Amino acid sequence: MFTVSLKLKKQNILSIILSVAIVVLIIVFIPLNNQAMSVVKLNKTPTCKNTEEIVEWINSFGWEVESEPFYNTTVTIPKKEDEIYTQYIINQRQNGYRLDKYKGKKVNQYKFKVLNYNEGKTEAYINILMYKDKIIASDICSPLKDGFMRPLKPFDEMQKKSK
């Protein structure tokens, strides 16, 4: 017969409990599936050299848009934030974009007509802001009276919200 006797101090017990808690937290927060990984992909700053690549990037989220933007212009990111722009910055942070880095910079704005939003029953556009060859912001919006503007998310995720 073999007997083990341990004398545990309060400090040792707390250390063991803390270690177990850390291990549990690590296990819980490790992405276990592709869905968790897709959010990480969205947060990377994509680069596109031309309109065709921008459309491919939009299509990778399940959105169908016309092959050419119907609106393309150069805009300057404001140095001073107003209430509307502040809300836009907050919305863009949901996708990992940091527009505050581009204050005062001239950027290209592309606007594409969405062909598959709400099965084509609602007019919708995807806006892309680009600095050089980097997409620095993207949103989907409706110009209708009761319209909306939201950060661009994968098609399936957005369609669930619109129903």
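Contact here means heavy atoms within 4.5 Å. The model under analysis is a predicted one. By that criterion, and leaving aside residues up to four places away in sequence, Asp139 touches Tyr88, Gln92, Tyr125, Ile126, Asn127, Met149, Arg150, Pro151 and Leu152. The surroundings of this residue are taken up again below, after the overall architecture and the helices.

The protein contains 5 helices and 5 strands. Read from the N terminus, the order of the elements is α-α-α-β-α-β-β-β-β-α. Of the 163 residues in the protein, 33% are buried. Among contacts between residues at least 6 apart in sequence, 60% join residues at least 24 apart.

Helix α3 spans residues 51–59, and its buried residues are Thr51, Ile54, Val55, Trp57 and Ile58. These buried residues line one face of the helix, because they fall within an arc of 160 degrees when seen down the axis of α3. In general, residues three or four places apart in an α-helix point the same way, because there are 3.6 residues a turn. The cover over the buried residues of α3 includes β2, β3 and β4. At the N-terminal end of α3, Asn50 acts as the cap, with a side-chain oxygen 3.2 Å from the backbone nitrogen of Glu52.

Helix α4 comprises residues 83–93, with Tyr85, Tyr88, Ile89, Asn91 and Gln92 as its buried residues. They lie on the same side of α4, because the arc that they cover around the axis is only 160 degrees. Among the elements that cover the buried residues of α4 are β3 (125–131), β4 (134–141) and β5 (149–151). At the start of α4, the backbone nitrogen of Ile84 has a side-chain oxygen of Asp82 within 3.3 Å.

Asp139 belongs to strand β4. Asp139 is buried and has no salt bridge. The nearest side chain of opposite charge is that of Lys111, at 6.6 Å; a salt bridge requires a side-chain nitrogen of Lys or Arg within 4 Å of a carboxyl oxygen of Asp or Glu, so the Lys111 side chain does not provide one for Asp139. Polar contacts are nevertheless present. The side chain of Asp139 is joined to that of Tyr88 by a polar contact of 2.7 Å, and to that of Asn127 by a polar contact of 2.9 Å. Tyr88 is also one of the buried residues of α4. Gln92, another buried residue of that helix, is among the residues that Asp139 touches.

The structure holds 3 salt bridges. In one of these, the side chains of Glu81 and Lys103 meet with an N to O distance of 3.0 Å. This pair links distant parts of the chain, 22 residues apart: Glu81 is in the loop between β1 (71–76) and α4, and Lys103 is in the loop between α4 and β2 (106–113). Glu81 is partly exposed, with a relative accessible area of 38%, and Lys103 is partly exposed at 33%.

Salt bridges also link Arg93, Arg98 and Asp100 in a network. The side chains of Asp100 and Arg98 meet at 2.9 Å, N to O, and those of Arg93 and Asp100 meet at 3.8 Å, N to O. The residues of this network are partly exposed: Arg93 has a relative accessible area of 40%, Asp100 has 27% and Arg98 has 40%.

With regard to the cysteines, Cys48 counts as buried at 4% relative accessibility, and Cys141 is buried with a relative accessible area of 7%. A disulfide is a covalent bond between the sulfur atoms of two cysteines. With a cut-off of 2.5 Å between cysteine sulfur atoms, the count of disulfides comes to 0.

Definitions and conventions. Residues are numbered from 1 along each chain as its sequence is written. This is a predicted model: local features need pLDDT of at least 70, side-chain atom pairs count only at pLDDT 80 or more; totals for chains, interfaces and linings use all residues. Side-chain values use heavy atoms; hydrogens and water are left out. Buried means under 20% relative accessible area, exposed over 50%, partly exposed in between (1.4 Å probe, protein chains only). Helices (H or I, at least four residues) and strands (E, at least two) are DSSP runs, numbered from the N terminus. The arc is that of the directions from the helix axis to the C-beta atoms. A polar contact is a pair of N or O atoms within 3.5 Å; within protein, one must be able to donate a hydrogen and the other to accept it, and residues adjacent in sequence count only if both atoms are side-chain atoms. Lys and Arg count as positive and Asp and Glu as negative; His and the chain ends are not counted.
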